[in-house]
Amino acid sequence: MENSWHQLKPRTGFLVRLADRLTDQSWQTLTQLYQPIVGPSAAGLYSALFWLPNRGEYQRHATLLGLLGMDLAHFYEARLRLEAAGLLTTKVKTESELTSFIYELQAPLAPAAFFRDDLLSVQLLGVVGEAAYRTLVAVNTVTPHETPGEQDITKNFLDVFHVDGQELSHLPAAITATREDLPSDETAPALTPTGHEDFDFKLLGEILEHSFIDTKALRGYRQLLLTEHATYDIDEVTMARYVGDATDLATNQFDPEQFKRVIAQQFSQQHRGQPTTPTPTTTANTKADGLNSAEQALIAVASKTVPALFLQGIKQKSGGFVTDGEQRIVRDLVSRQLFPDSVLNLMIYHLLVDEERPTLNKNLMDTIANDWSKSKVATPQQAIQKIRERQQTAQQPRQSRRRQTTVKETLPDWAKKPTAKPAATQAKLSEKQQQQLQARIAKLQAHSNEGKED
């Protein structure tokens, strides 16, 4: 790919493609929201590429430069701004030593999506200022207004049209075949699945479709919905009710923190006093895979129980209760998607049952989760093995301390008391050497006495 406008030549060929369908709203958004960011030259280039005659055919850049009245340097700068703003995708093609470019025009984001984009909204605010920014938000977004006494009597599709249920169960081949060729539509209002096969986002979207809840705004909280579903095993109908409880009727704004509080409170109320989840504690003969029957039973329970219910079962069996902090700890680990539910449940079991801790500790849970993640623990069998290693390691520090105490009792030579050295030295002198030493000492003492008499 070229890195400088110097590699562009007026005779270099290009063609234009449309990646999206542009509407009147698209041109309004381009002018009012994008142009302050990219500048009038870039906005003019976007318009020129769209309205260029025979845009689907290869043409020389000289033609485009003549329409715009700019040189290659300014053209390149304008092109980069369109690319950075997501309005243009540039591709290069080299064939028979001839280089050409393909410019794909991307439709501007819808106003609501634009204002939700951190980069675009912050850049626009910096250019136009707060007052103008608020005005642009008000002008480019539509807020439904209702007056007291209004009643929604809108009919849905099935109220008006008759649809054969058999055709919906087995769609005609003409529909299924053509759908495979359709491009993905990221702006569709319906919520779409994001990897959890056991939760139907499409059904949730249909349930919320005729409610006061803005399903488009809810799309930004897909991961939160999945986390709550995986933590508490919430079905689509119940999830829709919780979403409604956490949405302000006056503003239609969804409150994610209120959503989590509602679910946590409902969970505590619903499972207070219910039978506990069985948690085997007895030992038995070891199986061929290295797990005894109690561990096998524990894995079976951990594999079919969501973390919140598993935690609740352990707490009820011990006479305790699940704290708000413990629910947050479990929800946080579920949202990270580091382990299957069975592995997370075994981590909970190890801390509360094996180590007899009264509550889950976030720092300790994070430490264990980091260790298991580095070790790529992905199955409950691997989790059992890590628990065994942890239990063995727990005995080592006390042994190390005893060994360290023994080492400290042996002092190095330089740390011994000075009084031991003369005695050792004196023992090594011969009788003649001792006499010579005593004579030298007597001579020194006599000399010292003479000095005092003077």
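Me: How many salt bridges does the count come to?
Reply: Keep in mind that we're looking at a predicted model. For a salt bridge, a side-chain nitrogen of Lys or Arg has to be within 4 Å of a carboxyl oxygen of Asp or Glu. By this rule, the count is 14.

Me: Which residue forms a salt bridge with Glu 104, and where do the two lie?
Reply: The closest N and O atoms of this pair are 3.4 Å apart. Glu 104 is in strand S4 and its partner in strand S1, so the salt bridge links distant parts of the chain, 87 residues apart. That partner in strand S1 is Arg 17.

Me: Is Glu 104 buried or exposed?
Reply: Buried means under 20% relative accessible area. Glu 104 has 13% relative accessibility, whereas Arg 17 is partly exposed at 41%. So Glu 104 counts as buried.

Me: Which residues are linked with Lys 91 in a network of salt bridges?
Reply: We've already met the salt bridge between Glu 104 and Arg 17. Lys 91 is linked into a network with those two residues. So the names to add to Lys 91 are Arg 17 and Glu 104.

Me: In which helix do Arg 79 and Glu 83 lie?
Reply: Their side chains meet in a salt bridge, 3.1 Å from N to O. Arg 79 is buried, with a relative accessible area of 2%, while Glu 83 counts as partly exposed at 26%. They sit 4 residues apart, about one turn of the helix, and that helix is H4.

Me: What separates Glu 257 and Lys 260 along their helix?
Reply: The side chains of Glu 257 and Lys 260 also meet in a salt bridge, at 3.2 Å from N to O. Both residues are in helix H15 (residues 256-271). Because they are 3 residues apart there, the separation is about one helical turn.

Me: How many aromatic pairs does a search of the whole structure find, and what kind is Phe 14 with Tyr 103?
Reply: The search finds 13 aromatic pairs. The rings of Phe 14 and Tyr 103 have their centres 5.8 Å apart and their planes at 40°. Planes under 30 degrees apart count as stacked and over 60 as edge-to-face, so this pair is tilted.

Me: Which parts does the pair of Phe 14 and Tyr 103 tie together?
Reply: Phe 14 is buried at 0% relative accessibility, and Tyr 103 is buried with a relative accessible area of 0%. The two residues are 89 residues apart in sequence. Phe 14 lies in one strand and Tyr 103 in another, so the parts tied together are strands S1 and S4.

Me: What kind of pair do Tyr 34 and Phe 114 make?
Reply: Tyr 34 and Phe 114 are both buried. Their ring centres are 5.1 Å apart and their planes are at 70°. Since over 60 degrees is the cut-off here, the pair is edge-to-face.

Me: Which residue's charged end sits over the ring of Phe 50?
Reply: A charge sits over a ring if NZ of Lys or CZ of Arg is within 6 Å of the ring centre and within 35 degrees of the ring normal. Here the charged end is 4.8 Å from the centre of the ring. The residue is Arg 55.

Me: Which residues form a nonpolar patch on the surface with Val 237?
Reply: Val 237 lies in helix H14 (residues 236-245), and at 57% relative accessibility it counts as exposed. The patch has about 230 Å² of accessible area together. Its other members are Leu 203 and Ile 207.

Note on methods. Residues numbered from 1 in each chain as written. Predicted model: local features only at pLDDT ≥ 70, side-chain atom pairs only at ≥ 80, totals over all residues. Heavy atoms only, no water. Patch = residues over 30% accessible without salt bridge, like charges linked within 9 Å, V, L, I, M, F, W, Y side chains within 5 Å. Areas by Shrake-Rupley, 256 points an atom, 1.4 Å probe, with all protein chains shown as cover. Buried < 20%, exposed > 50% of the residue type's maximum accessible area, 1.4 Å probe, protein only. Phe/Tyr/Trp six-rings, centres within 6.5 Å; stacked < 30°, edge-to-face > 60°.
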